[in-house]
Amino acid sequence: MSSWGRFWPSGGRYSPFAATSNQPPPTVTEADYHYLGPDDIDPPSQHQNDGYGFPPPRITRSDSNIPDILVLKHRSTTYPLHFPAYAIADGDVTVGEVRHLAARETKTEDHHRIKLLYKGKILRDDARPCRDEGLKQNSEIMCV
C-alpha cells in the first residue's frame, strides 16, 4: 500500500476530481461563451518581442563594423579572439587560424601542441572553416 493509504479512511488515494455526489455534470450553453470579433483583437505592434518582453536587438550601420569574436578559455583565463566582421559566418576563418591565434595568446611556441575543443568535440582539421564546425559569434572554445 502506498504511503497515502494511511491518511485516508478508505485506504486509497484522494482525488479532487472524483465525483462526490451522483449529480449529472453541468450543462454548457451558448451564453457561457463570448466570441472575439475583429474589433476585440488588437493589431500586432511593429516591434515584436522575444516572448520575455524584450524587443529584438536593433542593428545599426555602426554595428556592421563590429568584429567577430571567439572566446578562448585556457585554464582560468579567457582570451577574446578578434576577426573581421562576418568572417566566421562567411566561412573565411579556419580552425588553423584559430589555433595559431590561440598559440600566440597562450604564448605556446608550437601551435601543433594546441588542442581546441568546442562543445566537447575536438577541432582537428585545420583547413576546415569554423562555420562548418558550428562556431559563430561569441562561441566559447576550450584550449588544452
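Biologist: Along strand β5, which side chains are buried and which are not?

Modeller: Follow the strand one residue at a time and watch where each side chain points. In this predicted model, β5 covers residues 140–143, and its side chains alternate. Ile141 and Cys143 point to one face and are buried. Glu140 and Met142 point to the other face and are not buried.

Biologist: Which strands are joined to β5, and do they run parallel or antiparallel?

Modeller: Look for the bridges between strands, then compare directions. Strand β1, residues 68–74, runs parallel to β5, and four bridges join the two. One place to look is His74, which stands opposite Cys143. Strand β3, residues 116–118, is joined to β5 by two bridges, and this pair runs antiparallel. There, Leu117 has Met142 as its bridge partner.

Biologist: Nice, that gives me three strands to hold on to. What is the pattern of the protein, read along the sequence?

Modeller: Write down each helix and strand in order, and you get β-β-α-α-β-β-β. That comes to two helices and five strands.

Biologist: How do I read what is inside? What percentage of the residues count as buried?

Modeller: Of the 144 residues, 24% count as buried. The accessible surface comes to about 11,900 Å², and 54% of that belongs to carbon and sulfur atoms.

Biologist: And which residues have the most contacts inside the largest nonpolar core?

Modeller: Here is the general idea: in soluble globular proteins, nonpolar side chains tend to be buried together. In this structure, the largest nonpolar core has 21 residues, and Leu70, Leu72, Phe83, Val98 and Leu116 have the most contacts inside it. At least two core residues come from each of β1, β2 (77–83), α1 (87–90), α2 (95–105), β3 and β5. Helix α2 gives the most, with five residues.

Biologist: Let me zoom in on Phe83. Which residues is Phe83 in contact with, leaving aside neighbours within four places in sequence?

Modeller: Its partners are Pro67, Asp68, Leu70, Ile88, Val93, Val98 and Leu101. You can also ask about contacts across the whole protein. Among those between residues at least 6 apart in sequence, 48% join residues at least 24 apart.

Biologist: Now for charges. How many salt bridges are there?

Modeller: Side chains of opposite charge can pair when their charged atoms come close. The count for this model is six salt bridges. Start with Arg99 and Asp126, whose closest N and O atoms are 2.8 Å apart. This pair links distant parts of the chain, with Arg99 in helix α2 and Asp126 in the loop between β4 (121–123) and β5, 27 residues apart.

Biologist: Is Arg99 buried or exposed?

Modeller: Arg99 counts as buried because its relative accessibility is 6%, and the cut-off for buried is under 20%. Its partner Asp126 is partly exposed, at 26%.

Biologist: How far apart are the closest N and O atoms of Arg104 and Glu105?

Modeller: They are 3.9 Å apart in that salt bridge. Arg104 counts as exposed, since its relative accessibility is 56%, while Glu105 is partly exposed at 26%.

Biologist: Can you show me another pair, and a network?

Modeller: Happily! Arg131 and Asp132 meet in a salt bridge at 3.7 Å, N to O. Arg131 is partly exposed at 40%, and Asp132 is partly exposed at 39%. For a network, find Lys121, Arg128 and Glu133, which are joined by salt bridges that share partners.

Methods
Residues are numbered from 1 along each chain as its sequence is written. This is a predicted model: local features need pLDDT of at least 70, side-chain atom pairs count only at pLDDT 80 or more; totals for chains, interfaces and linings use all residues. Side-chain values use heavy atoms; hydrogens and water are left out. Buried means under 20% relative accessible area, exposed over 50%, partly exposed in between (1.4 Å probe, protein chains only). Two strands pair if DSSP finds at least two bridges between them. Contact means heavy atoms within 4.5 Å. Accessible areas come from the Shrake-Rupley method with a 1.4 Å probe; for residues, only the protein chains shown count as cover. A nonpolar core is a set of buried Ala, Val, Leu, Ile, Met, Phe, Trp, Tyr and Cys residues joined through side-chain atoms within 4.5 Å. A salt bridge is a side-chain nitrogen of Lys or Arg within 4 Å of a carboxyl oxygen of Asp or Glu.
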